[in-house]
Amino acid sequence: MDQFCRPRSPRLARGPARPLAFGAPRADDRGVDATVDAGRAGGIRLGTAPGRWVVLATVLGSGMAMLDGTVVNVALPRIGEDLGASLADLQWTVNAYLLTLAALILLGGSLGDRYGRRRVFLIGVCWFAVASAACAAAPSVGVLVAARALQGIGGALLTPGSLAMLQAVFHPDDRAGAVGAWSGLGGVAAAIGPFLGGWLVDGPGWRWIFLLNVPLAAVVVVVTARHVPETRDPEATGRFDVPGAVLAALALAGVTYTLTEPGSVLAPVTGVAGVLCAVGFVLVERRSANPMLPLELFRSRLFTAINLVTLCVYAAFSGIFLLLTVQLQIVSGFSPLTAGVALIPITLLMLAFSSRAGKLGRAIGPRLPLTLGPMICAVGVLLMLRIGPTASYWTDVLPAVVVLGCGMTLLVAPLTATVLAAVEVRHAGIASGVNNAAARAAGLLAVAALPALAGLTGDAYRVPAEVDDAFHTAMLICAALLAGGGLIAVATVHGNVLDHTEPLAEPDCDWHAAPTTPPLDPGHECPTCHPAPEEQPGQHDTR
């Protein structure tokens with residue numbers, strides 16, 4: 001739920017079944033999943049009561065994960081103070097969640113395809129709620145980190161399932177509109193998350209940012225069980241790629257531990273083990289009949305290059321959003337609420353203008369937006385060097401945040417469109433999932449490595465002078481990462497790869513609002529290249 005979408009015209013929505021994210025079902029010519037009653041799944045209309053209930057269930061479910069991903073950073077200083085946590089402990093509070101989520105999100109979608117999307121979604125929601133309650137009750141930072149890892153597993157089950165359910169149960173003419181409502185409200189969650197987190201931390205306490213998920217989950221379970229039909233993919237056969245998922249998790253865990261605890265005796269061992277697991281993951285995926293990550297996608301040089309850009313820019317974004325909230329509270333003396341709302345202009349800019357950025361990318365090609373976007377972001381990050389002990393929000397924070405938001409707005413929509421266009425139409429959904437997982441892995445590694453690279457370790461995050469020095473070093477590193485992403489784009493993206501001279505997939509979504517991950521976008525088959533059966537080439541709508 002990472003983008004705000006608007007429905008395309010009904011005429012354009014007709015035609016061949018669109019590729020769905022994470023191996024979602026193949027549809028017959030009515031868009032109905034063959035495993036369920038045609039009167040319910042594949043035929044629900046958006047403007048009806050059943051349609052509204054389905055959207056509500058999926059929005060609330062994935063909204064829990066969205067809120068959790070944005071509010072925790074605001075609470076970190078208070079969590080550290082309350083639990084006596086070191087900086088490494090706080091890093092693990094963030095990374096334990098990102099680790100299991102990034103490693104298992106693709107497998108979570110496959111489980112839904114096989115065993116039923118509603119069933120796996122409900123398991124994920126319940127799992128997430130129980131883990132959230134454990135986070136709220138955690139008596140120590142060790143328990144909190146373990147509960148956060150369990151939360152990530154729940155998020156990996158419910159996040160892809162919410163999108164897949166929408167794609168499977170709605171009538172083809174209403175799918176884009178349903179995804180639009182789902183992800184548009186996700187943009188609202190992204191905007192209110194920091195505000196809500198700051199208010200809770202300032203008021204009843206940080207434990208309530210986790211406890212809030214429990215009643216939300218109860219509502220989701222009731223609505224989903226009563227109003228969402230079950231769907232699955234009848235062609236989902238073969239074994240699950242469990243070895244691949246395990247090796248991916250171990251590789252990320254080993255490297256993350258080494259980067260987070262560089263002075264530990266175990267750091268060299270875990271680093272080597274992580275690299276070996278990564279090599280083993282590639283070998284397993286190459287030989288697997290049903291790989292979690294089809295390596296054939298990377299035969300496209302453009303797809304590989306855009307994922308490298310994604311790694312650079314989203315590593316920078318994760319580092320910025322982690323350390324900026326700490327800088328504002330520890331050094332500049334902002335309250336958690338003020339620090340939380342400081343980043344809202346970014347979300348508002350993306351909601352207002354990312355649609356136009358997507359149209360610009362289609363008109364002139366993605367090379368210029370993918371180059372200028374990261375460079376403008378880098379300028380915004382350099383402006384953050386002015387944020388210090390006497391910082392004013394209006395003269396120091398807001399200008400930097402606005403420039404950063406402008407760069408992100410220019411970047412995100414063309415990046416998503418290019419990812420989808422870089423592979424065959426049939427791989428569009430999994431390509432978007434891989435790109436989303438790559439961004440989450442980049443954020444995981446950035447949160448692990450950046451504080452140590454900036455010289456912030458141990459309990460130094462409680463000392464304003466130490467935090468200030470580390471923040472300035474970290475922002476220079478983030479600016480370099482962003483500039484590197486722009487240079488990769490200018491060197492590898494040539495011409496307008498988004499033109500319609502050959503079959504390609506286009507994003508379902510026009511607006512994007514989440515600042516920490518690219519959209520999870522299944523894409524749709526370009527109607528210019530594949531007109532609906534009742535239309536003749538040259539007689540259908542074009543964009």
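Helices and strands here are DSSP runs, with at least four residues for a helix and at least two for a strand, numbered from the N terminus.

**Figure 1. The whole protein, a predicted model.** Let's start with the full view before moving in. The protein contains 17 helices and 4 strands. Of its 543 residues, 59% are buried. About 19800 Å² of the protein is exposed, and carbon and sulfur atoms supply 66% of that area. How do the contacts run along the chain? Taking contacts between residues at least 6 apart in sequence, 85% join residues at least 24 apart.

**Figure 2. Helix 3 beside helix 4.** This view brings together helix 3, residues 87–115, and helix 4, residues 117–137. Their axes come within 8 Å and cross at roughly 150°. Angles over 145 degrees count as roughly antiparallel, and helix 3 and helix 4 are therefore roughly antiparallel to each other. Which residues meet here? From helix 3 come Tyr-97, Gly-108, Leu-111, Gly-112, Asp-113 and Tyr-115, while helix 4 brings Arg-117, Arg-119, Val-120 and Phe-128. By type, the residues of this contact divide into 5 nonpolar, 2 polar and 3 charged.

**Figure 3. Helix 3 packed with helix 5.** Two packed helices are described by the angle between their axes and the distance between the axes. For helix 3 and helix 5, the latter spanning residues 141–169, the angle is about 25° and the axes are 6 Å apart. Is this pair roughly parallel or roughly antiparallel? Angles under 35 degrees count as roughly parallel, so helix 3 is roughly parallel to helix 5. The crossing of helix 3 and helix 5 is right-handed. Residues in the contact of helix 3 with helix 5 divide into 16 nonpolar, 8 polar and 2 charged.

**Figure 4. A close-up of Ala-452 in helix 16.** Our last stop is a single residue. Helix 16 covers residues 428–453, and Ala-452 lies within that stretch. Is Ala-452 buried, partly exposed or exposed? Buried means under 20% relative accessible area and exposed means over 50%, with partly exposed in between; Ala-452 has a relative accessible area of 31%, so Ala-452 is partly exposed. Leaving aside neighbours within four places in sequence, Ala-452 is in contact with Leu-259, Pro-262 and Thr-457. Ala-474 is also worth finding in this view: Ala-452 and Ala-474 are 22 residues apart along the chain, and their C-alpha atoms are separated by 9.4 Å.

Notes:
Residues are numbered from 1 along each chain as its sequence is written. This is a predicted model: local features need pLDDT of at least 70, side-chain atom pairs count only at pLDDT 80 or more; totals for chains, interfaces and linings use all residues. Side-chain values use heavy atoms; hydrogens and water are left out. Axes are lines fitted to C-alpha atoms, for helices over the stretch in contact, and angles run from 0 to 180 degrees between N-to-C directions. Angles under 35 degrees count as roughly parallel, over 145 as roughly antiparallel, 65 to 115 as roughly perpendicular and the rest as oblique. Contact means heavy atoms within 4.5 Å. Ala, Val, Leu, Ile, Met, Phe, Trp, Tyr, Cys and Pro count as nonpolar, Asp, Glu, Lys and Arg as charged, and the others, Gly among them, as polar. A crossing is left-handed if the near helix is turned anticlockwise from the far one by less than a right angle, and right-handed if clockwise. Buried means under 20% relative accessible area, exposed over 50%, partly exposed in between (1.4 Å probe, protein chains only). Accessible areas come from the Shrake-Rupley method with a 1.4 Å probe; for residues, only the protein chains shown count as cover.
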